[in-house]
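This report takes up the core, the sheet, the loops and the cysteines in turn. The sequence and the structure are shown first.

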Amino acid sequence: QVHVEESGGRSVRAGDSLSLTCTFSGRTFRRYAVGWFRQAPGKEREFVCTVSWSGGSTYYDDSVKGRFTISKDSAKNTVYLQMNNLEPEDTAVYFCAASPGATDTYYTTLASEYRYWGQGTQVTVAS
């Protein structure tokens, strides 16, 4: 079993930056793609970005491309989400998740492919 925990969410103002952290613990960390998703009030959970096990492959939703950066520190079993120029539309609960993969370059945007999820961290962006 892999335990996933997000942290770093808080209330900020539009234009601010914020960094979220996702840590993994539990069983030996095999090859996992890691993704960030978010869910705004009254809306479905949506894909934000993902990074491969190697860290060399990333993919972003168009809504955050150029503003958000995902990165990982494999030695610390930690993934980061740097969010810049935040907008009120970014307000949501942000979830981190791990998707087992067969290769170091695997990643996916599909929530159904992610097996282990954290409880989420709230990000609120005031205008």
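## The nonpolar core

In this predicted model, the largest nonpolar core is made of 29 residues, and those with the most contacts inside it are Phe24, Trp36, Leu81, Met83 and Tyr94. At least two residues of this core come from each of strand 1, strand 3, strand 4 (32–39), strand 5 (46–51), strand 7, strand 8, strand 9 (92–100) and strand 11 (121–126).

Met83 can be followed in more detail: once its neighbours within four places in sequence are left aside, Met83 is in contact with Asp16, Ser17, Leu18 and Leu20, with Arg67 and Phe68, and also with Tyr94 and Val123. Tyr94 is thus named both among the residues with the most contacts inside the core and among the contacts of Met83.

## The four-stranded sheet

Four strands make up an open sheet in the order 1-3-8-7, and their pairing is antiparallel. Strand 1 (2–7) and strand 7 (68–73) each have a single partner strand and stand at the edges, so one side of each has no neighbour in the sheet. On average, and with direction ignored, neighbouring strands of this sheet are turned by 15° against each other.

Within the sheet, strand 3 (residues 18–26) is paired with strand 8 (residues 78–83) in the antiparallel sense over six bridges, and Thr21 stands opposite Tyr80 in strand 8. Strand 7 and strand 8 also run antiparallel and are joined by six bridges, with Thr69 standing opposite Gln82 in strand 8. Which residues of strand 7 lie on its covered face, and which on the uncovered one? The covered face holds Phe68, Ile70 and Lys72, whereas Thr69, Ser71 and Asp73 make up the uncovered face.

## Two asparagines with positive phi

Strand 7 and strand 8 form a hairpin with four residues between them, and Asn77 lies in the turn. The phi of Asn77 is near 50°, a positive value in a residue other than glycine. As a general background, most residues other than glycine have a negative phi. Asn77 counts as partly exposed, because its relative accessibility is 25% and the partly exposed class runs between 20% and 50%.

Asn85, which is found in the loop between strand 8 and strand 9, likewise has a positive phi, near 50°. With a relative accessibility of 44%, Asn85 counts as partly exposed.

## Further loop positions

Ala40 is found in the loop between strand 4 and strand 5, where, leaving aside neighbours within four places in sequence, Ala40 is in contact with Thr91 and Ala92. The C-alpha atoms of Ala40 and Tyr94 are separated by 8.8 Å, although these two residues are 54 residues apart along the chain.

Is Thr108, in the loop between strand 9 and strand 10 (116–117), buried or exposed? Thr108 is buried, since its relative accessible area is 9% and the cut-off for burial is under 20%. A polar atom of the side chain of Thr108 lies 3.1 Å from the backbone nitrogen of Leu110. Not counting residues up to four places away in sequence, Thr108 touches Phe47, Thr50, Ser99, Glu113 and Tyr114.

## The cysteines

The structure holds one disulfide, and this disulfide is formed by Cys22 and Cys96, whose sulfur atoms are 2.0 Å apart. The torsion about the S-S bond of Cys22 and Cys96 is about -85°, and the disulfide is therefore left-handed. Because Cys22 lies in strand 3 and Cys96 in strand 9, the pair ties together parts that are 74 residues apart in sequence.

Cys22 counts as buried at 0% relative accessibility, and Cys96 is buried too, with a relative accessible area of 0%. Cys49, by contrast, is in no disulfide, and the nearest cysteine sulfur, that of Cys96, is 9.2 Å away. That distance lies outside the cut-off for a disulfide, which requires a pair of cysteine sulfur atoms within 2.5 Å. Cys49 is nevertheless buried, with a relative accessible area of 0%.

Conventions:
Residues numbered from 1 in each chain as written. Predicted model: local features only at pLDDT ≥ 70, side-chain atom pairs only at ≥ 80, totals over all residues. Heavy atoms only, no water. Pairing = 2+ DSSP bridges. Axes fitted to C-alpha atoms, helices over the stretch in contact; angles between N-to-C directions. Core = buried A, V, L, I, M, F, W, Y, C linked by side-chain atoms within 4.5 Å. Buried < 20%, exposed > 50% of the residue type's maximum accessible area, 1.4 Å probe, protein only. Contact = heavy atoms within 4.5 Å. Polar contact = N/O pair within 3.5 Å; in protein donor to acceptor, adjacent residues only side chain to side chain.
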